[in-house]
Amino acid sequence: MEKKKLNSFMLAGIGSDVGKSILAAAFCRILKQDGYHPAPFKAQNMALNSYATPEGLEIGRAQAVQAEAAGVPCHTDMNPLLLKPSSEHTSQVVLLGKPIGDRNAYEYFRKEGREELRKVVNESYNRLATRYNPIVMEGAGSISEINLRDVDLVNMPMAKHAGADVFLVADIDRGGVFASVYGSILLQTPEERSLIKGIIINKFRGDIRLFESGIKMIEDLCKVPVLGVVPYYKGIYIEEEDSVMLESKNREAIAGKINIAVILLRHLSNFTDFNVLERDERVHLYYTNNVNEIAKADIVLLPGSKNTLDDLYELRCNGVVQAILKAHREGATIMGICGGYQMMGLEVRDPDGVEGSFKLLPGLGLLPVITTMQGDKVTRQVNFTFDESDTVCKGYEIHMGRSVPAGGFSPSPLNKLEDGREDGYRNGRKCMGTYIHGILDNQSFIDFLLKPYADKLEQQTFDYATFKEEQYDKLAEHVRKHINMPLLYKILERND
């Protein structure tokens, strides 16, 4: 029996990092469990962690995670506009999955040309709304930046276009929740205020009974119901896209396990490449640019970078390059992914200034390849095999450069793609590079990577796909327990 049509709804933030993305993933899974066919939508996202859709286009990682929680394939319509910061003031603009150039903040937020972008994001929402029920929309930052109201594409103007119900999400862990909720509502226009149908208090710590009077106070002040108070969760692991999450990662080696060091880059991107290894009990994974900690690693991973040349220059200045080369000489495995693979070569060239001011830098010299940065970005999902194995693995590519063997060196690909192309370079058993993000989501490849250290292995292999499904269900259970779902459905069902 087909479910009743629900109104779209938006999780709008009273500030950034209040947990909107995770809550959106939770609601996508809850709605799926309850028999609906939801899909996520965020008109504009800003993140270095991105993902390639089945069509080979680029979207924010958070919307890919939310789509996975909803059980639907990700699509550019779920995140039509992606900003990938390349410096403090400049971002690469990705529109409908394809880069259209770099913009500084002033250029991007001016009114000229804004309506063209608004038309694109509105049309993306319209297409989604014809295919899914309901659309779980996510706002960006704070809805109270009234100085940006005229150029805002993602918060209340987007909710107005969609006729969406808006639920404010407040982070109580920061303090000041009463003022921030009340002030955020008062700063909206009457039309915008009419869209706000509920408040969700997130990241609560302590005994919820002590906040019961606070709930009533907020409802009396704001004339809007509090849908729930969601406690800070532990023991649930959902992929995060914000680099601030790196601050909570391990930073040192430990004894008794295979130590894997991920080099901490200033412009590190797609750190979700290492999520599986973080959960694998056979290994200890940590992020570092400390030369002493690099020396303790059995495996050193060079991650992706939004600015390969800048990061390579910094690694040369701070002694990390020398530490990696020393680790390699002493028997450690060195593997680079995307930008990290480019750094492992002989040279990285940027004759057209695609990334910035460096025209050429020497690489680590571990792989006999030369990389040239080019303006056309490669984005695609791929199936591949490796090491003469018949096991088909999955991953995706997002990169600007092209890497080829230097003169006099034959190809030595790490991977063979199903369409006949080759990827990466392998220089012996313990030195390799690849353009494929998500390569470490494949258990067979992890086993290949860890095999030289079999004497340290005791734990069984780790099924990441099953693990992620379990985590989405745990997250849904946690949020469902603390949200008044009957009230939520009553609000969403009011429009036929």
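In this predicted model, four elements, α2 (61-70), β21 (369-386), β22 (393-405) and α15 (464-482), each give two or more residues to the lining of the second largest pocket. The space in this pocket comes to about 660 Å³. Its lining is made up of 29 residues, and those nearest the centre are Y51, E68, K394, D441 and K468. Sorted by class, the lining of the second largest pocket contains 14 nonpolar residues, seven polar ones and eight charged ones.

Enclosed spaces come next. Three cavities of 30 Å³ or more are found in the structure. The largest cavity holds about 80 Å³ of space, and its lining consists of Y237, I238, E239, N275, R279, Y464, F467, K468, Q471 and Y472. Two elements, α9 (275-279) and α15, each contribute at least two residues to this lining. Helix α15 provides the largest share, with five residues. Five nonpolar, two polar and three charged residues make up the lining of the largest cavity. A reader following K468 in the structure will meet this residue twice, since K468 is among the residues nearest the centre of the second largest pocket and is also part of the lining of the largest cavity.

The second largest cavity has a volume of about 60 Å³. Of the 11 residues that line it, S21, I22, A62, V65 and E239 lie nearest its centre. Helices α1 and α2 are the elements that give two or more residues to this lining, and the largest share, four residues, belongs to α2. Here the classes divide into five nonpolar, two polar and four charged residues. E239 appears in the lining of the largest cavity and among the residues nearest the centre of the second largest cavity. Likewise, α2 supplies at least two residues to the lining of the second largest pocket and four residues to that of the second largest cavity.

Several helices can be described by how their buried residues are arranged. A useful starting point is that an α-helix has 3.6 residues a turn, so residues three or four places apart point the same way. In helix α12 (residues 320-329), the buried residues are V320, V321, A323, I324 and A327. Viewed down the axis of α12, these residues fall within an arc of 165 degrees, so they line one face of the helix. The elements covering them include β13 (258-263), α10 (291-295), β16 (299-302), α11 (308-317) and β18 (333-337). Just after α12 comes G331, with a positive phi of about 105 degrees.

Helix α11, named among the elements that cover α12, has its own buried residues: T308, L309, D311, L312 and L315. Seen along the axis of α11, they lie within an arc of 165 degrees, so they too line one face of their helix. Just after α11, G319 has a positive phi of about 85 degrees.

Two of the buried residues of α11 are linked to S305, a residue of strand β17 (residues 304-305). S305 has a relative accessibility of 11% and therefore counts as buried, the cut-off being under 20%. A polar atom of the S305 side chain lies 3.4 Å from the backbone nitrogen of T308. The S305 side chain also makes a polar contact of 2.6 Å with the side chain of D311. When neighbours within four places in sequence are set aside, the contacts of S305 are L265, H267, S269, D311, G339 and M343.

In helix α16 (residues 485-492), M485, L488, Y489, I491 and L492 are buried. Around the axis they cover an arc of only 160 degrees, which puts them on the same side of α16. The exposed residues P486 and K490 are carried on the face turned away from this buried side. Among the elements covering the buried residues of α16 are β1 (9-13), α1 (20-33), β10 (165-171), β11 (196-204), β12 (226-231) and α15. The N-terminal end of α16 is capped by N484, with a side-chain oxygen 3.1 Å from the backbone nitrogen of L487.

A last example is A162, in helix α5 (residues 156-162). Its relative accessibility is 15%, so A162 counts as buried. Setting aside neighbours within four places in sequence, A162 is in contact with Y125 and M137. The C-alpha atoms of A162 and A129 are separated by 8.8 Å, although the two residues are 33 residues apart along the chain.

How values were computed. Residues are numbered from 1 along each chain as its sequence is written. This is a predicted model: local features need pLDDT of at least 70, side-chain atom pairs count only at pLDDT 80 or more; totals for chains, interfaces and linings use all residues. Side-chain values use heavy atoms; hydrogens and water are left out. On a 1 Å grid over the protein atoms alone, a cavity is a set of points where a 1.4 Å probe fits but cannot get out, and a pocket is an open set with protein on both sides within 12 Å along at least five of seven lines; lining residues have an atom within 4 Å of a point. Grid points are joined across faces, edges and corners, and a volume is the space filled by probe spheres set on the points. Ala, Val, Leu, Ile, Met, Phe, Trp, Tyr, Cys and Pro count as nonpolar, Asp, Glu, Lys and Arg as charged, and the others, Gly among them, as polar. Buried means under 20% relative accessible area, exposed over 50%, partly exposed in between (1.4 Å probe, protein chains only). The arc is that of the directions from the helix axis to the C-beta atoms. Contact means heavy atoms within 4.5 Å. A polar contact is a pair of N or O atoms within 3.5 Å; within protein, one must be able to donate a hydrogen and the other to accept it, and residues adjacent in sequence count only if both atoms are side-chain atoms.
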